[in-house]
Amino acid sequence: MQWATLAAAALFAQNVAAQGSMLRFACSQLVVERVDPLVNPGMKFTPHLHQIVGGNAFNITMDPEADLFAKSSCTSCSFKQDTSNYWTAVMFFKNKAGQYKRVPQTGNGGPQGKLFNDGGLDIYYIPSGKTTAFKKGFRMLAGAAGNTDSSKVKLSNICHRCWTSPNEGTFVGGAPCSGTDTVAIPADTKCKMIRQTIIFPTCWDGKNLDSPNHQDHVAYGQGSGANGGGACPSTHPVKLPQIMYELMWNVTDMSNKADWPTDGSNPFVYSMNIGGSAAHGDYVFGWKDNSLQLAMDNNCNLNGDCPKAGLTKQADSVYSACKKPQQAVESVDGWLKAMPLGEMAIKA
Ligand SMILES: *[C@@H]1O[C@H](CO)[C@@H](O)[C@H](O)[C@H]1NC(C)=O
Ligand SMILES: *[C@@H]1O[C@H](CO)[C@@H](O)[C@H](O)[C@H]1NC(C)=O
């Protein structure tokens, strides 16, 4: 059973107002670099490496007053009207010699089957009932980049799945962050890919576009998993569309145990040199005008054109050609001597 069917059933059970439609679309890679305009504005060579998708107005500093749609000349995401930026840490493979290599990534199969991604990930906006779309200048962070304690992560929000099928279009498992999914990154030679899911909070205080820790202006609702978020607490009463990131880290070429560290440590780590407990996602809103609100109000579905909201799907070759050169220039591919943390990356 496709998880969408499961999610739809859960939606129906929990919220009679659920529309049953959602946006789901591919984003190709914009850039991979040590830049983070949300947590470390103005800095090149931030503490850890990120993979970034979305509009090419992405920059080391991003003014919340700026209209990202006006400033972007292209976006690496499917809809021309979406010049938001979405980013996460990067997964590395560590071999037994202590060298690191960035794990290649792509999107994920799902209700539409395979989407086209050149690197990157898939993005979802899941409404349930009436939602209020994000406003210009809105940003938020899900997860904690320094967290080493898996018990502090809610498995229904941030999780990993061992994808035993070599093809991401062949579905493995049930709804996101359910079943045998784990907070930790699975270390199992049977995994051809490791699917990472990051589900963002869906409740807003209605006032602040951001907060000092990029989290306090939002809260998770009572729901669990990819069901739209459920009822909101009184402190954060405004219901937002539920954003979900889905990434497939392709570990097919890294599944030979003879190459793994001999001390038994997990060969897969995020770019903070911490495992799944530190998985996190960053979001900077950048849709054209009120197109996201219209998309939610008009039940725009998946990645199709949606004239009522003015959404147009770009050809795979168009969004995938939107690339940005690194501003923090260093090697991020091939074997590295060490994980790029403080020092510049050095090729092995
Ligand atoms: C990025 O920011 C720098 C200054 O911080 C500015 O000079 C440059 O024009 C910006 N680029 C874009 C594409 O906005
Ligand atoms: C995953 O990597 C393998 C080995 O390099 C490659 O053959 C396969 O096409 C990749 N799968 C995807 C979905 O990118």
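Student: What makes strand S3 and S4 count as joined, and do they run parallel or antiparallel?

Tutor: In this predicted model, five bridges join strand S3, residues 50-54, to S4, and the two run antiparallel. Pairing requires at least two bridges, so the five found between S3 and S4 satisfy the criterion. One of the contacts can be named: the bridge partner of glycine 54 is asparagine 85 in S4.

Student: Why is strand S4 called largely enclosed by the rest of the structure?

Tutor: A residue counts as buried if 20 or more other C-beta atoms lie within 10 Å of its own. Five of the five residues of S4, which covers residues 85-89, are buried, and therefore the strand is described as largely enclosed. S4 is also joined antiparallel to strand S17, residues 280-284, by four bridges, and there threonine 88 stands opposite glycine 281.

Student: How do you know in which sense S9 and S17 pair, and how many bridges are there?

Tutor: S9 and S17 pair in the antiparallel sense over five bridges, and leucine 141 stands opposite aspartate 282 of S17. Strand S9, residues 139-143, has five of its five residues buried, so the strand is largely enclosed by the rest of the structure.

Student: Which are the edge strands of the sheet S6-S5-S16, and why are they called that?

Tutor: This is an open sheet of three strands with antiparallel pairing, in the order S6-S5-S16. The edge strands are S6 (100-102) and S16 (268-270), because each pairs on one side only. Neighbouring strands of the sheet are turned by 35 degrees against each other on average, with direction ignored. Between S5, residues 91-94, and S16 there are three antiparallel bridges, and methionine 91 stands opposite tyrosine 270 in S16.

Student: Why does aspartate 188 count as buried or exposed?

Tutor: The limit for an exposed residue is 12 or fewer C-beta neighbours inside 10 Å, and aspartate 188, with 12, therefore counts as exposed. Aspartate 188 lies in the loop between strand S10 (158-163) and strand S11 (193-199). Its C-alpha atom is separated by 9.3 Å from that of asparagine 266, although the two residues are 78 apart along the chain.

Student: Which residues are around ligand 1, and how does their shell divide?

Tutor: The residues around ligand 1 are Ala57, Asn59, Ile60, Thr61 and Lys71, and a residue is included if its C-beta atom, placed from the backbone, lies within 6 Å of the ligand. They divide into two nonpolar, two polar and one charged; Ala and Ile are counted as nonpolar and Lys as charged, so Asn and Thr fall among the polar ones.

Student: What makes up the shell around ligand 2?

Tutor: Around ligand 2 are Thr106, Glu168, Asn250, Thr252 and Asp253, which divide into no nonpolar, three polar and two charged residues. Glu and Asp belong to the charged class.

Student: Why is the protein called as compact as a globular protein of its length?

Tutor: The protein comprises four helices and 17 strands. Its radius of gyration is 19 Å, close to the 20 Å that the globule rule gives for 348 residues, and therefore it is as compact as a globular protein of that length. Buried residues make up 51% of the 348, and along its principal axes the C-alpha trace spans about 55 × 40 × 40 Å.

Student: Which residues does the annotation "domain: DUF1996" cover?

Tutor: According to the unreviewed UniProt entry, this annotation covers residues 36-287. Over residues 36-287 the chain is 2% helix and 26% strand, and the end C-alpha atoms are 19 Å apart.

Conventions: Residues are numbered from 1 along each chain as its sequence is written. Chains are lettered from A and ligands numbered from 1 in the order in which they are written. This is a predicted model: local features need pLDDT of at least 70, side-chain atom pairs count only at pLDDT 80 or more; totals for chains, interfaces and linings use all residues. Axes are lines fitted to C-alpha atoms, for helices over the stretch in contact, and angles run from 0 to 180 degrees between N-to-C directions. UniProt positions are given in the numbering used here, feature names are shortened, and annotations may be inferred rather than shown by experiment. The radius of gyration is taken over C-alpha atoms; the globule rule is 2.2 Å times the number of residues to the power 0.38.
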